[in-house]
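Welcome to this short briefing on a structure with more than a single part to explore. Take a moment to look it over, then follow the topics below one by one.

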Amino acid sequence: MNRYDVIVIGGGLLGCFAARNLTRYKLKIALLERREDLCTGISRANTAIVYSGYDMKPGTLKAKMCVQAAQGFGELCAELGVRYSPCGSVMVCFGPRGAKILRQKYEQGIENGVQGIRLLNPQEVLELEPNLNPRVVLGLYAPEAGTVIPWELGIAAAENALQNGADILLNSEVTDITPLENGFKVSCGSQTFWTRGIINCAGLAADEILEKVSSPKIRIFPSGGDYLVLDTKAGGYIRHVIFHEPEQKGKGLTLVPTVEGNILLGPSEVPIEDKDSFATSSEGLAEIKALVSEVIPSLPLEHVIRSFGAIRPNPYWVHLDPLSGRYVPEDKGINSFTILESSPGPFLSLIGIKTPGLTCANELGKYVANKMAEALGDVVPNPAFNPKRPAPLRLNDLPLAQRARLVEENPLYGKIVCRCRKITEGEIVDSIRRKPGAVTIDGVKRRTGSGTGRCQGSFCTQRIIEILARELGCSPAEICKDGKGSYVIRNMNNSSSGKKATRND
Amino acid sequence: MIEYEIVVIGGGPAGMAAALSAKEAGISRILLVEREEALGGILNQCLHTGFGLTYFGQELNGPQYAARFIKKIEQSDLDVLTSTAVISLQPDGRMILSGASGLQEIKAQAVILASGCRERPIGTLPVTGTRPSGIFTAGMAQKMVNLGGYDIGSRIIILGSGDVGMIVARRMVLLGKQVIAVIEKEATCGGLLRNQIQCLERYGIPLWTRCTVSKIHGTKRISAVTVQNLENGKEEYIPCDTLITSIGLIPERELAEEAAAGGPIPDWLFLCGNACYVHDLVDDVTYEAEQVGRKATEFVLKVKASNSGQAAHTHKQPGSSLYEGDYHKQQIEIINNPQEKTQNAYCIGCPKTCRLILTAQGWKGAICGRKDPLVSIRNN
């Protein structure tokens, strides 16, 4: 009981994929997640891009993984029943500095083995993206890039891990790790687990987890990024992921035509202090808008329906500053994928995995799972491993006749709850009943897309709270938006009776 | 596929009035589709009074106003489908209905879109900070409080002095909550003067004009907002546990856009109520919707006569000779509500000749959603 071969700490994208790939072996596996749901950290807010692999320095693990991952991404998504838009990407620039960088990236891409990559003259760029600023001077096209919904991918991997025998333990924050002779004792509050090996995928807290057993070498210094989401009405405005290489130093604009038909704009980059703060800044949002006017001036910004802030985990080597007694970062941040093997082991840490972490999630998962299997020694493949995860029903994607049959079988598939995205009560109930299922409004949102449309949940939130309460057998007042404390309803009953309002008004 | 002469989408005040008037005008096969479980639309959550003063000469609350029409509909032989949503309206007039009773394909000779409006979400504003729980649009808060019976918070900031925001502010005070302030970016109140007096002043709710919420604080539930004075840029940190937004209503006519498929609105499609433009008073909605119901009837009868009963839209293109002239004129009559104080401005971009209203963002109200309507200002 409570004895595992491997414990994965952290239920973000990387943790989910580490767990999934560990189930390829005959091992007893647990995934520990401190929150009530998966993919609530870095995985929930990023640019959603599958990179083709020309950005990475040739010969690095990152480059190799990224190119390989991009080429197999469609297949991975098919396996996991995840929607993938292989729309390709175009990098554009408006001056000589950018052109030089694009040519370098092209050479790099060729060296890395990125397929189908080519440089485009302005006319060719405008044929691909007619709404772009016609002053574009050069384009770099990569057909193997695409876009995916990060949390959809992560949750699918976790479901697949669960199907293949892994335990997924939510609300389990690791409070202590004690090395033992042959493994570790892992405490989550009053709960204790024993495990032979640990894979640390704790995202922004990966450094803190590692420091429970070893002295600090790497610390994560987060930075924030702001994004804007445009309504599906603006959806056809771009066709590819567009990267903008600016003439001035700094981050260019990125535009993504999302799987669900929106446009995602961003990110700006701003330093932040609080690891829990998914906040947006006025500077960041203003910067995005200024860049839009340079890159794609006619983009209908009146269709913005949401802005959100993301957190990027920037890893730095640190040293102890004798004066202050604090760990301070070395000058340059770490740019490569950092997979630390610490002793006592086997203890593998994925620390500060940034772009292209989403693209490489499965590859990284495979990599650490194989390394762990090797370290444990006596491990054999799991003959029952099934890489396929049954996809949830998405009624909008089905032919009408099939849809009609489903409604006949289950009337809930006929009841539209989220009117903007046309999500039915049946799909919402499914998202709650699946394992691991949604327990919050945002959990339902991540699994079904409800509340992400142009009304941003103003029509459906109450209904979703009531469905969650009914399915989970609790009071609507217990349903949270996004984790403990984020209640929507304070109490079940209004503090004074309703009769006053009808009379006195 | 089931065929109707007229399908009315939306069972709120506009849809009910349009359906009833088409019935009275002589159409026998009418279907009224409502996505909620009951007819009435937003009226059902409006427990306050102020409805019916011109139409019934009597002050009613929302459910009372709705009940008068619901009763008439129950007494008529109109086909009504509740808990049913139209998920697609195609350029040829076919539509797909989705409800617990099944999926249906329906074809209509004329469609009246009375789908109301939605609230502008806070994401459309450049409000920075976190995205915690405890942020509601005014209509959503009103529904949760009035129909759900839920307590949604006790220290409340209201952003935007639209009518719904002010009505909700008063409702919260009546429930014993603290409404710290209603915050308005303009120099004057955004809603009706009557609501400013009856909802805010009478209850001592402060209205802070030339101010906005510039930042949201709190990681789980909202804990405070930063209120910025737009005159001098000064910011103030105001603790609260709830933020209610009333920053504008947007006609919900995506189905019309789907049917138009990038072109003008088809001539068999009529819009009324807040799906056409956002009204101040429900009485006006009823008057206009009744006229739209009659115009849709005329359309159906006329097409029937000229095409010997063949489907209208397969033969008629918008703007072609049959409807130019009198159709044009009738449309102007429909929208020329004598009680409206704004100018008689119309969009002449297509035969619908939508009545336009002048907003801070320019002329609005073209039902095709065109950004720059072709404005023509007429004298009566």
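What distance separates the centres of domain 1 of chain A and domain 2 of chain A, taken over C-alpha atoms? The answer is 31 Å. Please keep in mind that this is a predicted model. Let's start with chain A as a whole, then visit its domains, the domains of chain B, the contact between the chains, and finally two sheets of chain B.

**Chain A as a whole**

- Chain A contains 14 helices and 23 strands.
- The radius of gyration of chain A is 24 Å, close to the 23 Å that the globule rule gives for 505 residues, so chain A is as compact as a globular protein of that length.
- Measuring along the principal axes, you would need a box of roughly 70 × 60 × 55 Å to hold the C-alpha atoms of chain A.
- Burial is counted for each residue, and 53% of the 505 residues of chain A count as buried.
- If you take the contacts in chain A between residues at least 6 apart in sequence, 71% of them join residues at least 24 apart.

**Domains of chain A**

- The domain assignment splits chain A into domain 1 (3-43 + 151-219 + 318-376), domain 2 (84-144 + 221-313) and domain 3 (395-478).
- Where domain 1 and domain 2 of chain A meet, seven residues of domain 1 are in contact with six residues of domain 2.
- On the domain 1 side of that meeting place in chain A, you will find three nonpolar, two polar and two charged residues.

**Domains of chain B**

- Chain B is divided into domain 1 (2-118 + 250-337) and domain 2 (121-247).
- The C-alpha centres of these two domains of chain B lie 33 Å apart.
- Six residues of domain 1 of chain B are in contact with seven residues of domain 2 of chain B.
- The side that domain 1 of chain B offers to domain 2 of chain B has two nonpolar, three polar and one charged residues.

**Where the chains touch**

- Chain A gives 53 residues to the contact between the chains, and chain B gives 47 residues.
- On the side of chain A, the elements that give two or more residues are α8 (282-295), β18 (304-321), α10 (400-409), α13 (461-472) and α14 (499-504).
- By class, the side of chain A that touches chain B divides into 20 nonpolar, 20 polar and 13 charged residues.

**A mixed sheet in chain B**

- Four strands of chain B make an open sheet in the order β10-β15-β16-β17, with mixed pairing.
- Its edge strands are β10 (128-129) and β17 (235-239) of chain B, and each pairs on one side only.
- Inside this sheet, β15 (residues 211-217) and β16 (residues 224-229) of chain B pair in the antiparallel sense over six bridges.
- To see one of these pairings, look for C211(B), whose bridge partner in β16(B) is N229(B).

**A parallel sheet in chain B**

- Five strands of chain B form an open sheet with parallel pairing, in the order β11-β18-β12-β13-β14.
- Here the edge strands are β11 (135-137) and β14 (207-208) of chain B, each pairing on one side only.
- Strands β12 (residues 155-159) and β18 (residues 242-245) of chain B run parallel and are joined by four bridges.
- As an example, I157(B) has L243(B) as its bridge partner in β18(B).
- Helix α4 (residues 163-174) of chain B lies across β12, β13 (178-183) and β18 of chain B, and runs at about 165° to β13(B).

Key:
Residues numbered from 1 in each chain as written. Chains lettered and ligands numbered in written order. Predicted model: local features only at pLDDT ≥ 70, side-chain atom pairs only at ≥ 80, totals over all residues. Rg over C-alpha atoms; globule rule 2.2 N^0.38 Å. Buried ≥ 20, exposed ≤ 12 C-beta atoms within 10 Å, placed from the backbone. Contact = placed C-beta atoms within 7 Å. Domains from an automatic or database assignment. Nonpolar A, V, L, I, M, F, W, Y, C, P; charged D, E, K, R; others polar. Pairing = 2+ DSSP bridges. Axes fitted to C-alpha atoms, helices over the stretch in contact; angles between N-to-C directions.
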